[in-house]
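Trainee: Please take me through one part of this model closely: the place where two copies of the chain meet. I would like to hear how the copies are related and what the contact is made of.

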There are 4 protein chains.
Amino acid sequence: MHISVHKIDMASPSDVSGLAALIDAGTVDPANIIALIGKTEGNGGANDFTRGFATLSYQLLLAKHLAISPEEVGKRVAFVWSGGTEGVLSPHATILTRTPAQGKPDGSKRLAMGIALSGTIAPEEIGTKRHASAVADAVQKALLEAGIDRPEDVHYVQVKGPLLTPASIADADRRGVTTATRDPNGSKAFARGAMALGVALGLGEVTQEAFDATRIAGDLGVYSAVASTSAGGELVSCEILLFGNSSRATSPFRIGHAVLIDAIDASGVRRALASAGLTLSAEPTGEETSRIAAIFAKAEASPTGKIRGHRNTMLSDADINYERHARAALGAVIASLTSDPAIFVSGGTEHQCAPGQAPIAAIIRL
Amino acid sequence: MHISVHKIDMASPSDVSGLAALIDAGTVDPANIIALIGKTEGNGGANDFTRGFATLSYQLLLAKHLAISPEEVGKRVAFVWSGGTEGVLSPHATILTRTPAQGKPDGSKRLAMGIALSGTIAPEEIGTKRHASAVADAVQKALLEAGIDRPEDVHYVQVKGPLLTPASIADADRRGVTTATRDPNGSKAFARGAMALGVALGLGEVTQEAFDATRIAGDLGVYSAVASTSAGGELVSCEILLFGNSSRATSPFRIGHAVLIDAIDASGVRRALASAGLTLSAEPTGEETSRIAAIFAKAEASPTGKIRGHRNTMLSDADINYERHARAALGAVIASLTSDPAIFVSGGTEHQCAPGQAPIAAIIRL
Amino acid sequence: MHISVHKIDMASPSDVSGLAALIDAGTVDPANIIALIGKTEGNGGANDFTRGFATLSYQLLLAKHLAISPEEVGKRVAFVWSGGTEGVLSPHATILTRTPAQGKPDGSKRLAMGIALSGTIAPEEIGTKRHASAVADAVQKALLEAGIDRPEDVHYVQVKGPLLTPASIADADRRGVTTATRDPNGSKAFARGAMALGVALGLGEVTQEAFDATRIAGDLGVYSAVASTSAGGELVSCEILLFGNSSRATSPFRIGHAVLIDAIDASGVRRALASAGLTLSAEPTGEETSRIAAIFAKAEASPTGKIRGHRNTMLSDADINYERHARAALGAVIASLTSDPAIFVSGGTEHQCAPGQAPIAAIIRL
Amino acid sequence: MHISVHKIDMASPSDVSGLAALIDAGTVDPANIIALIGKTEGNGGANDFTRGFATLSYQLLLAKHLAISPEEVGKRVAFVWSGGTEGVLSPHATILTRTPAQGKPDGSKRLAMGIALSGTIAPEEIGTKRHASAVADAVQKALLEAGIDRPEDVHYVQVKGPLLTPASIADADRRGVTTATRDPNGSKAFARGAMALGVALGLGEVTQEAFDATRIAGDLGVYSAVASTSAGGELVSCEILLFGNSSRATSPFRIGHAVLIDAIDASGVRRALASAGLTLSAEPTGEETSRIAAIFAKAEASPTGKIRGHRNTMLSDADINYERHARAALGAVIASLTSDPAIFVSGGTEHQCAPGQAPIAAIIRL
């Protein structure tokens, strides 16, 4: 396996010119694209349509190049968008291509990816252990596809899956079955939590016994350190993008990860880069930062209402959602080290690291 | 002269319990307080009343202790509030006291402060060269009061002064005189700019000739590197708080400053601390950060719409004012180095450093 | 009893000049003021400090006039503020004074008021039936004080009381008792709902049996048609302001009420005015609207997500809280009939009318 | 000429199912569609991408039905979107079709439409008299196309055209020509104003002499009473949609208009409906409101800061843009009369009615 990583800036949610140029220059073969992960300049909330607009725009571009329909593009390329470029965050997309190994692997561990889909998650399963188990099964498949033998070589697992909608709750009602909650917005925490727990089970971060004993979105002390999950009303199954390092890959990249203890944990950012093989100087040099291909992180408000002992007002601000505050803060901290504000920072960390903590992964050029 | 610096957290804009405790413990003598600089959890905009609420609350506390009226407190203590604790910024107040030198100065340069008032600025003068000249004169007085001989020993000059209001424009109309602009909100840039240019003139950062040739809020390439100015509709004169180091002071503090090239300039934060005598490690230790008594900085959006070559969306966000984005970003970057989110970060940098750049000052314990 | 109603505009949350002028002119005797109900220009959320600022400002004014402390003013005058002047709503205060009957009552029903306090509500009682029962008892006392014999003569009952805070939950934990919820923000619905149910019980709108069978914030089909409740973290007991008509009163005002079926129910506004004795023309005349002394209403989002069959986006807007949308809409509809945007419109209607509906009361000059 | 008007609700900016159903049912022939005017649930600001998403979505639907490219759809159908469904406003689209007269005209005046494009407006012309003149010429062409002989039979002229962007200002710089302003956001007022003045000139609402003497965005006392203009960075020429009544039309609709004196002018709404032939009862009946096919209005903040003598806070709110407050208020007032919140209300009224006033047009079924 050979993975390539290309990051392009976007002038608007529908700006696909960066990818078009890479394709026209022959740098990227559209047939090899397996995933696209990016940030759009929406608000990141329920009424953020920049994600859908970006997906449609890229589907139309690829449909033209591949001579297939936009719907078919949607089936072969995974799109992961996070809305909200608060503070310095910059709208962009990271394009991932996968081809067979180029030459003989040299035995060193290099970037590998596996992608897997769960089956359909029924409304009554969303946010439950069955939702989590379906993700765990798909994680196993993705591991196999990635050619990664040891779960500790996995550094980032991005999962998108369904949440409850008024329509799916009504469907459950018609069939006389019970859902995890009756509140569509409230189901986000259950869905994200279930999928993160599923990653933890699939990778062996928790035992089956611990998994069975854990209340989803309740026992937040049980978690995955590498899961990053998001839930959307338009989905019916779960899509797993698993990133790790494999000695069978020939990619000129390596991935690593760390845990951020709070939104100003510069040390955690340095640890994630070091985990992938890049040790930053006190004042990072251009040579160092040019080796950073992509960073994926989650941002979270402090559950105690304090950061390093001082009161934080994110959760009581009625004008700006706390996720926007958290992304603005963490994004700037990361960019202050990497000199690059085109970073993927998203929100919501149920069962993704300990409460108040958050995962961060980094892909480094070799 | 002997200056003391005390920083207290605030649970709300009217929470004066931190200062009350310092007074009750005998740590702070209310009679020695000359200024209070802080952040409140408002939006920082025209309808942010948390600043006025905080001022009234502290005036009532000090009025009780000093047995004078709140109005009299307002005359002897300078209150400088910036609204908006975006991202990780934490509501707090820095209390500054001034007493005669304690013992014989040891010859080293230590924190000194001068405070001066301009005369009344007429509506037709606001945002003009006469406004600027009045500030320049007051800066000279503050320098003298601070016992600072060389302008290069000045590291931070906080100025508050009047802007145009519908009432003051109407007054000018009645008297048949012209104002710098007829737009009250638009007058902020003129007022802040005039006051910053006044600081530059008062400290000799610009010559009288260059000053005369500069269009206020127009020729932004002419600026002060240490001014931090704000304008409010409730003011009729300018209040100057000048901070520097003097060999005649006995304060256990030293101040330094630097220029931030953008909102993620961690290196600039390190330079400001180093300028005051504190060199941070790559990963700052608790011993190092405990020496930081206060940080004052301005945050600004990039005028080019780009940060380190990547597009920034602060200026096109119709939901969140760009000043809030900029404060969130810079506040988090500073706190990621100091481990303390109780930092004074405010917005608006006309003639305060080059366009897109911003001043930062740091007070260090000796 | 003789009630007078004075409405003053406010230039800011701390602007008390309107009341000062009424006192200076002898129109209002500060000793007779029993309550002040108003709107401030905050955001109406947890971080809206304009309410506290307004209260402190009026307390300082009255303290000076009555030669008592601001705290003592707080004990003798009820302050009810709602933050958020969205759309056309205008910041103002309605001042209510109470004196003995002036001359002999003429037998007609005229505005009367009763004010009562509950005892302290313990954290474990907040949002429970005991909270509701305490309100019901206080409503009975207020009825008596108002001299109103029949509950159907009551048209508006404003209740303020405590919600759960992190501090009060911690206190309950220490004492080993359980609270209605562990989520401070979530406790608002329980507290408002309990107090509204308490009004319904106190006025006989629900029987004791129905009351006992009702789940607070759950069975929303059980409600009061005249309660308007709000909850704040700074309160420990409930304050009841009961408005109705009494044949023993000599006030030159009468109050009426109606139920708004949605946020555009102009017909409901007309019904409330008619209930108080004022029938508006199709296009209301100045003579008609000049008779309106005050309007108090609640605004609510549609629980179905639809208004008159068309989709509404209030609940999915991540930038503007739905309460702000609802107040903007209803406030404009009322003002379009009364020609006066200084109206009291607040949010949150648990057990206050049927779901999606809301109470409105009007005081008319006779 | 025969114009048909169909209004459909939208579940999201990309929801085209309403129009798809009308096409599938044979109610609407996609080949006859000339324009689509609607509201999307964005914020209405510079970063509102819901408008572009909606346009692309409808273009894809029509491209499929007409077997042409989305770009070609863009050339034959005019799309006018206003972002922002504040308060009760409901996302929707009004679809306008045009076919030859059906049978012999009966001599009564019925809905007619003309559509015209100006030539390309160069950057240095944007917001100037040349921009306005180009619109005036296109208005004349549209009048002719609509078959309307007398300008007083024109009731609504929707114009979209270019504003200045950083790119177009740079282009002007390269060519050594001057633009109306150097501030892209500030150019909105100039562009909207120029286009509205162009409508006024084209319809003879102002004379050529008065036009020549008017400063665009300066002399706001000169205006059109029927223009509604918007400016977008993606446009290079102006598109004019002119609505009026013609005795040569056979449409089962008539249009009328009025001027709203402020955001709560219910009387103005009634006048607009009456102008089209529908007199509403004091409490409008379902029979009456069912005759309303579409309403187009502009909402504006009061330039005096007061509404009916009471202070308004729209312009000082730093959290919510004043256009959002104004749309929320006016939308609710209109819906309170029509029982239909799917109304087109947009913002920005330079040279569109007198300052603070705004145009409203109504299409009524005959």
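Mentor: In this predicted model, a turn of 180° with a shift of 0.0 Å along the axis lays chain A on chain B, and the RMSD is 0.0 Å. That turn and shift are the relation of a two-fold axis. The same surface serves both copies, since 100% of the contact residues of chain A recur in chain B. Among the residues of chain A, A:Ala282 comes closest to the rotation axis, with its C-alpha at 2.0 Å.

Now the contact itself. Chain A puts 43 residues into it, and chain B puts in 43 residues. Between them, the two chains bury about 3,200 Å², with 51% of that on carbon and sulfur atoms.

Next, the polar side of the contact. There are 22 residue pairs in polar contact between chain A and chain B, counting pairs with both residues at pLDDT 80 or more. The salt bridges between these chains number 4. In one salt bridge, the side chain of A:Arg324 meets that of B:Asp317, at 3.5 Å from N to O.

On the side of chain A that touches chain B, the elements giving two or more residues are α8 (266-276), β12 (310-311) and α10 (322-338). The most comes from α10(A), which gives 8 residues to that side. By type, the residues of this side of chain A divide into 19 nonpolar, 13 polar and 11 charged.

Key: Residues numbered from 1 in each chain as written. Chains lettered and ligands numbered in written order. Predicted model: local features only at pLDDT ≥ 70, side-chain atom pairs only at ≥ 80, totals over all residues. Heavy atoms only, no water. Least-squares fit on C-alpha atoms with pLDDT ≥ 70 in both. Contact = heavy atoms within 4.5 Å. Buried area = accessible area lost by both parts, 1.4 Å probe. Polar contact = N/O pair within 3.5 Å; in protein donor to acceptor, adjacent residues only side chain to side chain. Helix = DSSP H or I, 4+ residues; strand = E, 2+ residues; numbered from the N terminus. Nonpolar A, V, L, I, M, F, W, Y, C, P; charged D, E, K, R; others polar.
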